[in-house]
Amino acid sequence: MKRVCLSLVVACLLLAGCRREAPEEQVKRAFGICVDAVESGDAAPVVKSLAPAFSGPEGMDREGAKLFLLAALHQGKIGVTVFSQRIAVEGNRAEQTVDLVLTRRG
């Protein structure tokens, strides 16, 4: 009986290890959470996920992105349309480039 239980525990651990997401999938999942947060009117998860070295259009930094989101969300509901996203992983660093448009919703 002990051997069966030990085998079951080892099998569960191996399956848990196999389930680990690739870095690209982790970035995509985190980005999806951010899109959902923006569309629900919550800037906090988005700002929290931005790297300190974040750079946006026209030199926007992390603090600028936070202010932009807060101002945009204050104006009303926002929709996010993603045209493309590219993810490059090098070692323990991942960089995502996204082309998107924010639109005002009813």
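**View 1. Ser84 of strand 1 stands opposite Asp99 in strand 2**. This is a predicted model: local features need pLDDT of at least 70, side-chain atom pairs count only at pLDDT 80 or more, and totals for chains, interfaces and linings use all residues. Residues are numbered from 1 along each chain as its sequence is written, and side-chain values use heavy atoms, with hydrogens and water left out. Strand 1 covers residues 77-90 and strand 2 covers residues 93-105. The two pair in the antiparallel sense over 13 bridges. Strands count as paired if DSSP finds at least two bridges between them. The hairpin has 2 residues between its strands. There, Gly91 takes a positive phi near 65 degrees.

**View 2. The whole protein has 4 helices and 2 strands**. Both kinds of element are DSSP runs, numbered from the N terminus: helices are H or I with at least four residues, strands are E with at least two. The order from the N terminus is α-α-α-α-β-β. Of the 106 residues, 16% are buried. Buried means under 20% relative accessible area, exposed means over 50%, and partly exposed lies in between (1.4 Å probe, protein chains only). The protein exposes about 8200 Å², and carbon and sulfur atoms supply 59% of it. Accessible areas come from the Shrake-Rupley method with a 1.4 Å probe; for residues, only the protein chains shown count as cover. Among contacts with a separation of 6 or more, 43% join residues 24 or more positions apart. A contact means heavy atoms within 4.5 Å.

**View 3. Arg86 and Asp99 form a salt bridge**. Their closest N and O atoms are 3.4 Å apart. Arg86 lies in strand 1 and Asp99 in strand 2, so the pair ties together parts that are 13 residues apart in sequence. A salt bridge is a side-chain nitrogen of Lys or Arg within 4 Å of a carboxyl oxygen of Asp or Glu. Arg86 is partly exposed at 42% relative accessibility. Asp99 is partly exposed too, at 35%. The structure holds 3 salt bridges.

**View 4. Arg93 forms a salt bridge with Glu95**. The closest N and O atoms are 3.3 Å apart. Arg93 counts as exposed, with 52% relative accessibility. Glu95 is partly exposed, at 45%.

**View 5. Lys28 and Glu25 form a salt bridge within helix 2**. The helix spans residues 23-39. The two residues sit 3 apart, about one turn of the helix. Their closest N and O atoms are 4.0 Å apart. Lys28 is partly exposed at 42% relative accessibility, and Glu25 is partly exposed at 39%.

**View 6. The largest nonpolar core has 13 residues**. Such a core is a set of buried Ala, Val, Leu, Ile, Met, Phe, Trp, Tyr and Cys residues joined through side-chain atoms within 4.5 Å. Val38, Val46, Leu69, Leu73 and Ile78 touch the most other members. Helix 2, helix 3 (44-49), helix 4 and strand 1 each supply at least two residues. Helix 2 gives the most, with 5 residues. Leu73 touches Val38, Gly41, Asp42, Ala43 and Ile78, not counting residues up to four places away in sequence.

**View 7. Phe68, Val82, Leu100 and Leu102 form a nonpolar surface patch**. Together they have about 300 Å² of accessible area. Patches are made of residues with over 30% relative accessible area and no salt bridge: like charges are joined within 9 Å, nonpolar side chains (Val, Leu, Ile, Met, Phe, Trp, Tyr) within 5 Å. Phe68 belongs to helix 4, residues 62-75. Phe68 is partly exposed, with a relative accessible area of 43%.
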